[in-house]
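The following exercises concern helix surroundings, helix packing and nonpolar cores. Please examine the sequence and the structure before reading each solution.

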Amino acid sequence: MPRIVLAIVTGLASLMLASSQPAFAQDAAGFQAYLTQLRAAALAEGVSAATLDRVLPTLTFSETAIRIDQKASGGGGSGAIPMFTGSDEQRAIIGKAGPGRDKYRELRPQLDQIERELGVPPGIILAIYGKESNFGSYTGNFDTISALATLAYEGRRRALFEGEAIAALKMVDRGVPRTKLTGSWAGAMGKPQFLPSVYLRLAVDEDRNGFADIWDSEADAMASIANYLVAAGWRADRPWGVAVDVPSGFDRSAYRNRTVPTRCPRVFERHSRWMTLAEWEQLGFRPQAGFWPQDKDRILATLLEPDGPGNTAYLLTGNYRAILDYNCSNFYAMGVGLLADQIQR
């Protein structure tokens, strides 16, 4: 680079750095002022003054959390929907199936016990475990309360993040060690990546030691994942879905779901209307496994063709919807279901 140009660029960079420093300082100062507001809201929600006096002074402004959040929420979602085959989600099934089977052998007594208690198969639990934290190998290293308080202060989604920050303070107030509260930039914690509000509702102390430890106890984490799915509507008497061949000449428009989805419209608009498996069979649908689940006259299912007409389709039960409650993405839920089948094959 020519010396004169370098000098000009260096000078401009110095000016930009100097002008940016007060903004960062102002952000940090504003964050400290916001903590007064957070304290009042937490007190109103029942968090003790002693906990607030102990925790709030330890919180720090996380510019990184804001940067990641702005980048993560800046995308669209109106483009063409890609095919599932060949996607990162499908490739992840191949990469995680072996480790998932290893983990199943390691944890089988605990997982079988959880299935007896809650009705969720080990494969489904482990598939979510694998997708959320790579079987516990990465759970995030952000200070949860600092990250949530920062995102609440930033303000674009204050109601969400302030509520989660207060939920995290409630966790400390109820005895969860402050040092445990680490996780992703957006507040998802531990092996199952629960938000604080989800932890308060659904975390399970499976090993009966007085503390639902989703960070270090795989028994607690696995039972907590199962409990989440049960709360979302999981039923033990049906599969998540059935791979099927669609009959030639099937009139998809006649079976389109005509209700307008209020949540995750891009996900649910791809699903057909609900009918029993027996009714789908009468239309000429055939299970690729060669047999239907028991109670096909009773189990309702909706049709999804993730790769479009002419490719494998799936008749999805209410259990698929329970997986969607964990992460409202057809690719995510398909990945969980298919990975679970691979783990327990």
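**Exercise 1.** Determine which residue just after helix 6 takes a positive phi, and whether helix 6 is enclosed or open.

*Solution.* G155, just after helix 6, takes a positive phi of about 100°. Helices are DSSP runs (H or I, at least four residues), numbered from the N terminus. The model is predicted: local features need pLDDT of at least 70, side-chain atom pairs count only at pLDDT 80 or more, and totals for chains, interfaces and linings use all residues. Residues are numbered from 1 along each chain as its sequence is written, and side-chain values use heavy atoms, without hydrogens and water. In helix 6 (residues 144-154), 10 of the 11 residues are buried, so the helix is largely enclosed by the rest of the structure; buried means under 20% relative accessible area (1.4 Å probe, protein chains only). Among them are T144, I145, L148 and Y153.

**Exercise 2.** Describe how helix 4 meets helix 13.

*Solution.* First, the axes of helix 4 (residues 88-118) and helix 13, lines fitted to C-alpha atoms over the stretch in contact, come within 8 Å and cross at roughly 40°. Helix 4 is therefore oblique to helix 13, an angle being oblique from 35 to 65 or from 115 to 145 degrees. Next, the contact (heavy atoms within 4.5 Å) includes I93, G100 and Y104 of helix 4 and F331, G335 and L339 of helix 13.

**Exercise 3.** Identify the helix that gives the most to the largest nonpolar core.

*Solution.* A nonpolar core joins buried Ala, Val, Leu, Ile, Met, Phe, Trp, Tyr and Cys residues through side-chain atoms within 4.5 Å. The largest has 83 residues; M222 and W240 are among those touching the most other members. Helix 13 (residues 330-343) gives the most, nine residues.

Note on methods. Buried < 20%, exposed > 50% of the residue type's maximum accessible area, 1.4 Å probe, protein only. Helix = DSSP H or I, 4+ residues; strand = E, 2+ residues; numbered from the N terminus. Axes fitted to C-alpha atoms, helices over the stretch in contact; angles between N-to-C directions.
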